[in-house]
Amino acid sequence: MARQVVVGGGIVGLAVAHEVQRTHPGDHLVVLEKEGAWATHQTGRNSGVIHSGLYYPPGSAKAALCRTGAQALIEFAQAESIPYAVCGKLVVATSPEEVPRLRALAERGRANGLAVRQLSAEAAREFESHVNAVAALHVPETGIIDYPAVCRALAARLAGAGADLRLGERVVGAVPRGAGIGIRTAGGDRIDADRVVVCAGLQSDLVARRLGHRPSARIVPFRGEYYTLRPAAAALVRGLIYPVPDPEFPFLGVHLTRGIEGGVHAGPNAVLALAREGYSWSRLSPRDLGPILAFPGTWRLARRHWRSGATELARSMSRRRFAASLRRLVPDLEDGDLMPAPAGVRAQALRPDGGLVDDFLIESAGPVTFVLNAPSPAATAAFAIARRIVADLRD
Ligand SMILES: Cc1cc2nc3c(=O)[nH]c(=O)nc-3n(C[C@H](O)[C@H](O)[C@H](O)COP(=O)(O)OP(=O)(O)OC[C@H]3O[C@@H](n4cnc5c(N)ncnc54)[C@H](O)[C@@H]3O)c2cc1C
């Protein structure tokens, strides 16, 4: 009987644990999560969108795992009676200059197997009567779901099948133990394991170092701030409305998404957070920030993207600017329609040359597998990421 440990109780860690349990039912399985609840960080602070796979280069892990992961996620939701909806989304070009990029996006979507349709402005308004568009794409495969509910159901299944689930257990280091490894926790425990998978999100590079691995990239935390639309203004948005993304920028641009609970979320923007778990400007951690500022990649990234960084910063400081960005999509929205909502922080891996790691990044060292870059659409893709990781685990 092998002993397996998963570090991290976000959707990727729980999906990996679930896959270990499915494929190695006789193994002893332990899940270690430092917080007191599942899905406390990225998984519980995201847009709740089941992505279609529209944006990712064909052949990339993101493109492949997003499609198969979405399918597996939906099957899990059906089996567990978790509410979800495959409601489709609109990507709208708001000026003629954006139309060539919209067409290129449609081609990419088709190359990824999606039933994307290009729409005229009039046809777009049949989906979203208040939208401002010169042209649009309709992507029928996009959906919405409650990711924390998915995590709670995963945890319940794991516990039901005998996994040892430990909340409030922070991994702080490791000691070698023959061909395996002894995982040390902040509480002073040592958990011996034959195999370990680390899915620590915003802390993933840090935990990798503590376990003796030098990762090829470093995590930079990008906060995504949200507003919620006032109920009266929420009627202006039926489903999901996205701008044409800037190809130079790894994020999608502020958008409007109706959540599965019924409200409309506006955002997220993307600003450098001052702590790994820096959910507001007031949360600053010199211990987190020092190494990020000392990393040459950060400055190379800043030189490359200073203009969009400055725009994002200004928008973060001003609800008026935030609302103005949204008015490009839905002109009837007013500044006062936006109510502040909790932010999320994305774990984005950055290389020393300042290049953002575009695809999922997984590295292994001896008995340990490290998930080092699992940004969007990793919540959508989690079940497929888990299958790939567990299939590659050495026996
Ligand atoms: C603003 C925002 C919007 C997004 N929107 C979407 C979307 O709509 N659709 C989509 O598919 N994706 C979206 N994403 C991306 C998605 O949320 C993430 O890709 C996904 O949640 C990553 O899951 P994870 O399990 O790797 O990370 P996390 O959910 O961050 O989980 C990592 C866990 O590891 C734990 N941990 C860290 N260090 C330790 C330690 N030392 N010991 C024990 N435990 C530890 C943490 O406490 C945490 O619970 C969004 C992300 C953000 C931030």
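## Exercises on a two-domain protein

The centres of domain 1 and domain 2, taken over C-alpha atoms, are separated by 27 Å in this predicted model.

**Exercise 1. Describe how the protein is divided into domains, and what domain 1 brings to the contact with domain 2.**

Solution. Begin with the bounds: domain 1 is made of the segments 3-50, 148-217 and 357-392, while domain 2 covers residues 219-350. Next, look at where the two domains meet, and you will find 19 residues of domain 1 in contact with 20 residues of domain 2. On the side of domain 1 that touches domain 2, at least two residues come from α6 (204-210), and at least two come from β21 (368-373). Finally, sort this side of domain 1 by class, which gives seven nonpolar, nine polar and three charged residues.

**Exercise 2. Work out where the ligand lies with respect to the two domains, and describe the shell of residues around the ligand.**

Solution. The first step is to ask which domains give residues to the shell: both domain 1 and domain 2 do, and therefore the ligand lies between them. The second step is to look at the residues themselves, for there are 41 around the ligand, and those that come nearest are Gly8, Gly10, Gly201, Gly344 and Ala378. The third step is to trace the shell back to helices and strands: α1 (11-23), β2 (28-33), β19 (338-350) and α11 (378-392) each supply at least two of its residues. The last step is to sort the shell by class, and here 17 residues are nonpolar, 18 are polar and six are charged.

**Exercise 3. Decide whether the faces of strand β15 are covered or not, and find the strands with which β15 pairs.**

Solution. Start from a general rule: in a regular strand the side chains alternate between the two faces of the sheet. Strand β15 spans residues 240-243, with Leu240 and Tyr242 on one side and Ile241 and Pro243 on the other. A residue counts as buried when 20 or more other C-beta atoms lie within 10 Å of its own. Those four residues of β15 are all buried, and both faces of the strand are covered.

Now turn to the partners of β15. Strand β5 (residues 89-93) runs parallel to β15 and is joined to it by three bridges, and in this pairing Val92 stands opposite Pro243. Strand β16 (residues 255-258) pairs with β15 in the antiparallel sense over two bridges, and here Ile241 stands opposite Leu256.

**Exercise 4. Give the order of the strands in the open sheet that contains β8, and name its edge strands.**

Solution. The sheet has three strands in the order β3-β8-β4, and their pairing is antiparallel. To find the edges, look for strands that pair on one side only, which are β3 (49-50) and β4 (84-85). For a closer view of one pairing, take β4 and β8 (residues 143-145), which are linked by two bridges, with Tyr84 standing opposite Ile145.

**Exercise 5. Compare the surroundings of Ala39 and Ser81, and then locate two cis peptide bonds.**

Solution. A general point comes before the details: most residues other than glycine have a negative phi, and most peptide bonds are trans. Ala39, which is not a glycine, has a positive phi near 60 degrees, and Ala39 is found in the loop between β2 and β3. Because 26 other C-beta atoms lie within 10 Å, Ala39 is buried. Ser81 also has a positive phi, of about 55 degrees, and its place is in the loop between α2 (61-80) and β4. With 8 other C-beta atoms within 10 Å, however, Ser81 is exposed.

As for the peptide bonds, a cis bond joins Gly267 and Pro268, with omega about -5 degrees, and Pro268 sits in the loop between β17 (264-267) and β18 (271-272). The bond from Ser376 to Pro377 is cis as well, with omega near 10 degrees, and Pro377 belongs to the loop between β21 and α11.

**Exercise 6. Check whether the radius of gyration of the protein agrees or disagrees with that of a compact globule.**

Solution. For 395 residues, a compact globule would have a radius of gyration near 21 Å, and because the protein has 21 Å, the two agree. The C-alpha trace spans about 65 × 45 × 35 Å along its principal axes, and buried residues make up 49% of the 395 residues.

Methods. Residues are numbered from 1 along each chain as its sequence is written. This is a predicted model: local features need pLDDT of at least 70, side-chain atom pairs count only at pLDDT 80 or more; totals for chains, interfaces and linings use all residues. A residue is near a molecule or strand if its C-beta atom, placed from the backbone, lies within 6 Å of it. Ala, Val, Leu, Ile, Met, Phe, Trp, Tyr, Cys and Pro count as nonpolar, Asp, Glu, Lys and Arg as charged, and the others, Gly among them, as polar. Domain bounds come from an automatic or database domain assignment. Two residues are in contact if their C-beta atoms, placed from the backbone, lie within 7 Å. A residue is buried if 20 or more other C-beta atoms lie within 10 Å of its own, exposed if 12 or fewer, and partly exposed in between; C-beta atoms are placed from the backbone. Two strands pair if DSSP finds at least two bridges between them. The radius of gyration is taken over C-alpha atoms; the globule rule is 2.2 Å times the number of residues to the power 0.38.
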